[in-house]
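Here is a guided look at the structure you have open. Keep the sequence beside it and follow along as we go.

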Amino acid sequence: FRQYQPFRHRDTYIRVSLPAVCFVWQIAMVVLFGVFIRYNEESDAHWPEYKKKQNITSDAENDFYYRYPSFQDVHVMIFVGFGFLMTFLKRYSFGGVGFNFLIAAFGLQWALLMQGWFHSLDYNTGKIYIGIENLINADFCCAGCLIAYGALLGKVSPVQLLVVTLFGITLFAVEEYIILNLLHCRDAGGSMVIHAFGGYYGLAISWVLYRQNLNQSKHLQGSVYHSDVFAMIGTLFLWMFWPSFNSAIANHGDGQHRAAINTYVALASSVLTAVAVSSLSHRTGKLDMVHIQNATLAGGVAMGASAEFMITPYGALIVGFCCGIISTFGFVVVTPFLERKLKLQDTCGIHNLHAVPGMLGGFISAIVAAAATESVYSKEGLVSTLGLEGKFANRSPGTQGGYQAAGTCVAIAFGLVGGAIVGFILKIPIWGDPADDNCFDDEVYWEVPEDEETIHPVLEYNNHMTHKQQDITESNFTLEQS
Amino acid sequence: FRQYQPFRHRDTYIRVSLPAVCFVWQIAMVVLFGVFIRYNEESDAHWPEYKKKQNITSDAENDFYYRYPSFQDVHVMIFVGFGFLMTFLKRYSFGGVGFNFLIAAFGLQWALLMQGWFHSLDYNTGKIYIGIENLINADFCCAGCLIAYGALLGKVSPVQLLVVTLFGITLFAVEEYIILNLLHCRDAGGSMVIHAFGGYYGLAISWVLYRQNLNQSKHLQGSVYHSDVFAMIGTLFLWMFWPSFNSAIANHGDGQHRAAINTYVALASSVLTAVAVSSLSHRTGKLDMVHIQNATLAGGVAMGASAEFMITPYGALIVGFCCGIISTFGFVVVTPFLERKLKLQDTCGIHNLHAVPGMLGGFISAIVAAAATESVYSKEGLVSTLGLEGKFANRSPGTQGGYQAAGTCVAIAFGLVGGAIVGFILKIPIWGDPADDNCFDDEVYWEVPEDEETIHPVLEYNNHMTHKQQDITESNFTLEQS
Amino acid sequence: FRQYQPFRHRDTYIRVSLPAVCFVWQIAMVVLFGVFIRYNEESDAHWPEYKKKQNITSDAENDFYYRYPSFQDVHVMIFVGFGFLMTFLKRYSFGGVGFNFLIAAFGLQWALLMQGWFHSLDYNTGKIYIGIENLINADFCCAGCLIAYGALLGKVSPVQLLVVTLFGITLFAVEEYIILNLLHCRDAGGSMVIHAFGGYYGLAISWVLYRQNLNQSKHLQGSVYHSDVFAMIGTLFLWMFWPSFNSAIANHGDGQHRAAINTYVALASSVLTAVAVSSLSHRTGKLDMVHIQNATLAGGVAMGASAEFMITPYGALIVGFCCGIISTFGFVVVTPFLERKLKLQDTCGIHNLHAVPGMLGGFISAIVAAAATESVYSKEGLVSTLGLEGKFANRSPGTQGGYQAAGTCVAIAFGLVGGAIVGFILKIPIWGDPADDNCFDDEVYWEVPEDEETIHPVLEYNNHMTHKQQDITESNFTLEQS
């Protein structure tokens, strides 16, 4: 009986590696934070002095009040949204929500440092000064790794996940620096830097870690009724708060306002086309929870890079319309195809929800940016929305469009190459990952409680009887045959 | 065995109708948005110019920052609140949360247009200019249809729900225009325009769609332990965010502030009286989850129309006190009575949670408005709170009270008449609705995963044995009797 | 069979006492609110006048906009966070989330009054003037009682819980007045006034109510798979919104900003050390859901009192680091020890999550306050952060540190002494509490729905068969033996 000897082929003992990684890492974080991280002028106790010096009349001008509500929404998306979306497997809900929690808590600290070095480092003092926007960006950075986790769900050990996160955050910070600072792309909601990168990063890792005999765990690779309802908690919190995700670090005023509106309508549109294609793909038109849980979100992913742009509400509707179809089609056709032909096992289907819509979002932003005109944006609006300031002041919208497309390619390349390398690192047999016939099972890394049957003493009694019965039945068998 | 032949009497094939409606509708939305909908001055890239022209000194004055946190709370209420409240049935959780999602995503687009034509249309350009307040109102508009869904839960097809939503949103926009613009009622939290309308709309539809043999589905019309816990997620998010619901479109400053306080205390009061009556209604004082899930919210519904008024905190407590009692009493006595005598099947008991408290809320607002005095409100406060400006400047508080009562009646009338008509449309046998013995079952419209029993191979083995056993038992039977 | 005669030794009839307490209490609240509670100048309709008089130029200066988003987050923590955290027991989820709801709705009204008398009473008019900050404080006040409920979960009747709440809120308001006003401690996130007080209050009550034969309910004192997933909803909402909890009533501007950052990083750090110690404490390194659900939050508790201080981000990391370890260690070693040696039954382990980290948080704040210097805080920052104004203007940071430590001791003393007294009151045998062999069971106070087995008629048929089978088996038994 499998559950009494769950570790058949591989050693999933992580009592040394997991605590060691956590402790070493956390101590390193304390030291690095001590050396580098300080409050910025808006979160430091010198704020009253700073306010006077800058002629700021109201505390309401502190960036905290512009961004904190969006920050909290993003925070919910990272921990409850991604976490519960991954509880859909019948016996991997602990791992889905629990390891998601671990990855994000681990990753956000490293993200504060990595992104800080690239974006918030003061070269005079050698310090990183952080405020609310850094927290949002750290959460964003974790999102990339959580997307990658979606492809690996149920097939890796927590220690491997920390390795994925460590490299993921590092790669993220570098590609983000190249895309946002060097190429000077605009990507408020992270279609390229988060979703395209995270998606292809996860897919590449999963491709390298291909498991020949995964069908031996097939009986656990599916949902039960209530695990699908749990996953809807994740879906809905992602769906509802996506306008905050795409507007969280947009420009104050019209930028945040427009990003929220665009995302809101794009998402609504995705729901309808996802439902339509889901129904079309079943013999009698029944809906599939997998599509409702995932493809309804595709519009939000694809709106990311152009959320702040004057894409117009109907433009946003069209984006959602197409991505809802493409994403559902991906779940019905492409994922099975990839698994069969490309040997690519993608547990959550991140190819359809993040990789492809993220890539599309990048290219859409290229088109929308290239089509920007001064009459639509106003002179000042064009400069601030496309960021054509400083040394980029002479860039035309058309050129900006080209760079947006280039940025998308950079994100994909980083994801694929980085993922492949990390995949090979994870193949070293020291990480305590489960055997092929032991995947998608919380028993491996969690103390799982006894089953529902033991709730009532009566039922326990019945169970007891059942075992007895079985013995009896077997003897009856003999009786009958004799 | 029912589950292998689930479509006994009626054809629930929706593979043509559901995708067709979704696609046609979504394309229509794209076209209509393209013709009509644009960003308003606060979400348009011309905002920096506008700011200068209007002498606005800070981006914090953008309405986005006044209303976005409340908008997100309302959004959570619509999708998670209403959605999870309807997961309480043992085998209709997918339909509860999934169709809720579909209705709202479908409805909010149409609401942006319908409400836009009535409230935000610029007659010079022929365009609707939208901002954050439009998004909140679109969500409100959906709430009316979701309330109606509560009465129909488990008994209609998704195509029928889209018809209910299409007409519901349309009727909503018209009655709202009559009540808020022509009668010039105040209804910040929508006691009349949302709850009374939505409640009676759903009841009228359900009354027309009466199912004689619904008791054939009786075994599925109830909860199981965990479905009741899921429903509590819905209840709590509705309960917690109701202060945001009632204050979301209230006046800036004291208006929003007061609406939140009034709703907060009214809801607290409802909880205690709902618990008291629930306990009283059981032989040994046990509580009933149905009451806790629903009647605790009645105070929020009833506070809607007078949330912004100077009802005083103890006034709000009294409102919650009475509505908690009335609503619980409704669940214990009125709903069974309506079903038996009036042939009115109301799955979620919206009569007790929305229809009656909404109506009461309208009349309460009439009394509170009529009692308003300049000494309590201040001159300026009275004008802005009761909206006695422009052509309504000469209206006295007493007259305003009369109009509040009239508005409540208009909302109920629209609900009843509109619902009856929509009900008859839904009786046309083309919508793929389930048979009487096939209600409250996700199997009809969803691919439902296998049951919990199959989690462990061991258990599968046991199941296998059980079937064998049964055969054996039967032969034993013969053996014994022989 | 237990479930057909669930009240063996004690009378759990609460049909008189529960409704009576709720009604009497709610009527008392209406009367007291009528006498005492009014809107403050920011929520009163006179706000436009007040604004002019005070030269306030923008509605954005209304405190509502500074604090409402944080208030809503705190509200979610109280109702969903604490509520779902307590759903982890296999058959006490209704009681966990439902009684939590009742306690908080009951408590917040009394808290508005008690805290109002101490903090917001105008001695000229004899009225309490309330605004958004009072609502946050009322929620905080409830948190103390909900923490205490954690120790009592499953072992008390709802009437007893209302008694615990009534005294708990009263004690809270007094100790808070002593600590914040007389000793003039700083405690933005309530490490001392909420967590240390609430923790020791609950422990003292539970110690007095020791149940000798509680092991007779042992079969229900544990989780099942899905109840652990429900509990993660609670954990995550507490974890995510803790930055709002600790910053909700901090100073505008840098105060709130810094409190949020400090809490964010402390919590991340707790997750890693909790995971590490949890893994270490299991033979093969498996994680325990109890630790993930609870100990990950310890950093937030301990950061409470010094959230607003310039503890620096790495200081916050160290706080989270230590508390994650201490808290997990508590669950592994201390709680079983306390139960065995001190006869202290602590269902949720509040000793490890609230009592000890709260106490530590108080002492940490003493150290951080004592170490405060003008160069780190700026002159103005030091005054506003440590509150060294008015009659406390001459207090040095060192002295303030001493008072912080004294405040922590006061909170613990109030908790222990108050809890012991309340415990003896609860021993009076009139409250309808369950017998020792009847604990942790929703059947006692809730109408619990039938079990999952009855979902499909087929299964019902099977069940039916099983009973028949059993009879047969028994006769077979005879047959075989004969």
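The report below moves from the arrangement of the chains to a sheet, and then to two individual residues.

## The model and how its chains are arranged

Please keep in mind that this is a predicted model. Start with chains B and C: a turn of 120 degrees, with a shift of 0.0 Å along the axis, lays chain B on chain C with an RMSD of 0.0 Å. These two copies are thus related as by a three-fold rotation axis. Which residue of chain B comes closest to that axis? Look for B:Pro69, whose C-alpha lies 3.6 Å from the axis. The two copies use different surfaces, since 14% of the contact residues of chain B recur in chain C.

Chain B can also be superposed on chain A, again by a rotation of 120 degrees with 0.0 Å of shift along its axis, and the RMSD is 0.0 Å. For this rotation axis, B:Pro69 is the residue of chain B that comes closest, with its C-alpha at 3.5 Å. Only 13% of the interface residues of chain B are also interface residues in chain A, so the copies meet through different surfaces.

## What the record says about chain A

UniProt, in an unreviewed entry, lists residues 60–428 of chain A as "domain: Ammonium transporter AmtB-like". Over this stretch, chain A is 73% helix and 2% strand. The C-alpha atoms at its two ends are 53 Å apart.

## A sheet of three strands in chain C

Now turn to chain C, where 3 strands form an open sheet with mixed pairing, in the order β1-β3-β2. The edges are β1 (37–39) and β2 (121–122) of chain C, each of which pairs on one side only. How does the pairing come to be mixed? On one side, β1(C) and β3(C) pair in the parallel sense over 3 bridges, and C:Ile37 stands opposite C:Ile128 in β3(C). On the other side, β2(C) pairs with β3 (residues 127–130) of chain C in the antiparallel sense over 2 bridges. Here the bridge partner of C:Leu121 is C:Ile128 in β3(C). Helix α4 (residues 93–120) of chain C packs on the sheet and touches β1, β2 and β3 of chain C. The direction of this helix makes about 100 degrees with that of β3(C).

β2(C) and β3(C) form a hairpin with 4 residues between them. In the turn, C:Gly126 has a positive phi of about 75 degrees. In a regular strand, side chains alternate between the two faces of the sheet. You can follow this along β3(C): C:Ile128 and C:Ile130 point to one face and are buried, whereas C:Lys127 and C:Tyr129 point to the other and are not.

## The matching sheet in chain A

In chain A, 3 strands form an open sheet in the order β1-β3-β2, with mixed pairing. Its edge strands are β1 (37–39) and β2 (121–122) of chain A, each pairing on one side only. β2(A) runs antiparallel to β3 (residues 127–130) of chain A, and 2 bridges join them. One pair to look for is A:Leu121 with its bridge partner A:Ile128 in β3(A). Helix α4 (residues 93–120) of chain A lies across β1, β2 and β3 of chain A, running at about 100 degrees to β3(A).

## C:Asp59, a loop residue that touches another chain

C:Asp59 sits in the loop between α2 (47–53) and α3 (63–85) of chain C. Is C:Asp59 buried or exposed? C:Asp59 has a relative accessible area of 15%, under the 20% cut-off, so this residue counts as buried.

The side chains of C:Asp59 and C:Trp47 are joined by a polar contact of 2.8 Å. Leaving aside residues up to four places away in sequence, C:Asp59 touches C:Trp47, C:Lys51 and C:Tyr65 in chain C, along with B:Tyr66, B:His252 and B:Gly253 in chain B.

## A:Ala151, a buried helix residue

To finish, find A:Ala151 in helix α5 (residues 132–152) of chain A. A:Ala151 is buried, with a relative accessible area of 0%. Which residues does A:Ala151 touch, not counting those up to four places away in sequence? They are A:Gly202, A:Leu203, A:Ser206, A:Gln345, A:Asp346, A:Thr347 and A:Ile350. A:Thr347 is 196 residues from A:Ala151 in sequence, yet their C-alpha atoms are 5.0 Å apart in space.

Technical notes: Residues are numbered from 1 along each chain as its sequence is written. Chains are lettered from A and ligands numbered from 1 in the order in which they are written. This is a predicted model: local features need pLDDT of at least 70, side-chain atom pairs count only at pLDDT 80 or more; totals for chains, interfaces and linings use all residues. Side-chain values use heavy atoms; hydrogens and water are left out. Copies are superposed by least squares on the C-alpha atoms of residues with pLDDT of at least 70 in both. Contact means heavy atoms within 4.5 Å. Buried means under 20% relative accessible area, exposed over 50%, partly exposed in between (1.4 Å probe, protein chains only). A polar contact is a pair of N or O atoms within 3.5 Å; within protein, one must be able to donate a hydrogen and the other to accept it, and residues adjacent in sequence count only if both atoms are side-chain atoms. Two strands pair if DSSP finds at least two bridges between them. Axes are lines fitted to C-alpha atoms, for helices over the stretch in contact, and angles run from 0 to 180 degrees between N-to-C directions. UniProt positions are given in the numbering used here, feature names are shortened, and annotations may be inferred rather than shown by experiment.
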